[in-house]
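Colleague: Got a minute to go through this one with me? I'll put it up.

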Amino acid sequence: MSESFSQRLRALPDFPNDLPKFDPATAPADSVDLFLEWLEAALADGVSQPHAFSLATTTTTGQVSSRMMILKNIDEGAWHFASTVGSRKGRELTANPQAAMNFYWAKFGRQVRVSGAVTLLSAEASARDWDERPGADGRDNPDWQLFALHPAEVEFWQASSDRHHIRHRYVL
Ligand SMILES: Cc1cc2nc3c(=O)[nH]c(=O)nc-3n(C[C@H](O)[C@H](O)[C@H](O)COP(=O)(O)O)c2cc1C
């Protein structure tokens, strides 16, 4: 790509100037509580799709793919999302049930990374999720599946204007 393209990229600000402060010493003991605090802050500020995240999966031979998804719930420490089992991500999760999620709220300079093993939720719960989707037309979709990611690790990252970015990691 041209020199001018890389200069234009370099001229873009990485983060906004008025970033919130984050002191890990005051963080709750449970990573889910901190996630809910950060999500509520994003919601209160009108951030659009604050429940959207990037989901990375791999094949058994290590080819990685990622795509945006919507968080459906957090229950008993597991983070839920839904998709079709026959999709690329569904096939990859069947072959290698490990995944990583990445939430990012640009206005706050905040990132949350979650990774761990993935299991399938029940056919009943998956059917309920399908039926409750906006625009549901009453038809079944047996390929629709709720997945639960059980974190081995959750990392909170807060950008700072002095470039001393802050990380807070929970190993579960
Ligand atoms: C903001 C956003 C949210 C999305 N949420 C979902 C979702 O919850 N479930 C889903 O199956 N696809 C969702 N998609 C579409 C996926 O990103 C992806 O294109 C699709 O699921 C096919 O992915 P795959 O071929 O890697 O399996 C979303 C896309 C965007 C941009």
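Colleague: Leaving aside neighbours within four places in sequence, what is L120 in contact with?

Modeller: Q145 and F147. Contact means that the C-beta atoms, placed from the backbone, lie within 7 Å. Mind that this is a predicted model: local features need pLDDT of at least 70 and side-chain atom pairs count only at pLDDT 80 or more, while totals for chains, interfaces and linings use all residues. Numbering starts from 1 along each chain as its sequence is written.

Colleague: Where does L120 sit?

Modeller: In strand β6, residues 110-120. Strands are DSSP runs of E with at least two residues, helices are runs of H or I with at least four, and both are numbered from the N terminus.

Colleague: And why is L120 classed as partly exposed?

Modeller: Because 16 other C-beta atoms lie within 10 Å. Buried takes 20 or more within 10 Å of a residue's own C-beta, exposed 12 or fewer, and partly exposed is in between, with C-beta atoms placed from the backbone.

Colleague: How far is L120 from H80 in space?

Modeller: 9.5 Å, C-alpha to C-alpha, with their positions 40 residues apart in sequence.

Colleague: Different topic. Which residues come nearest the ligand?

Modeller: R67, M68, S83, S87 and R88, out of 13 around the ligand. A residue counts if its C-beta, placed from the backbone, lies within 6 Å of the molecule.

Colleague: Which element gives the most to that shell?

Modeller: β2, with five residues.

Colleague: How many helices and strands in the protein?

Modeller: Four helices and eight strands.

Note on methods: Contact = placed C-beta atoms within 7 Å.
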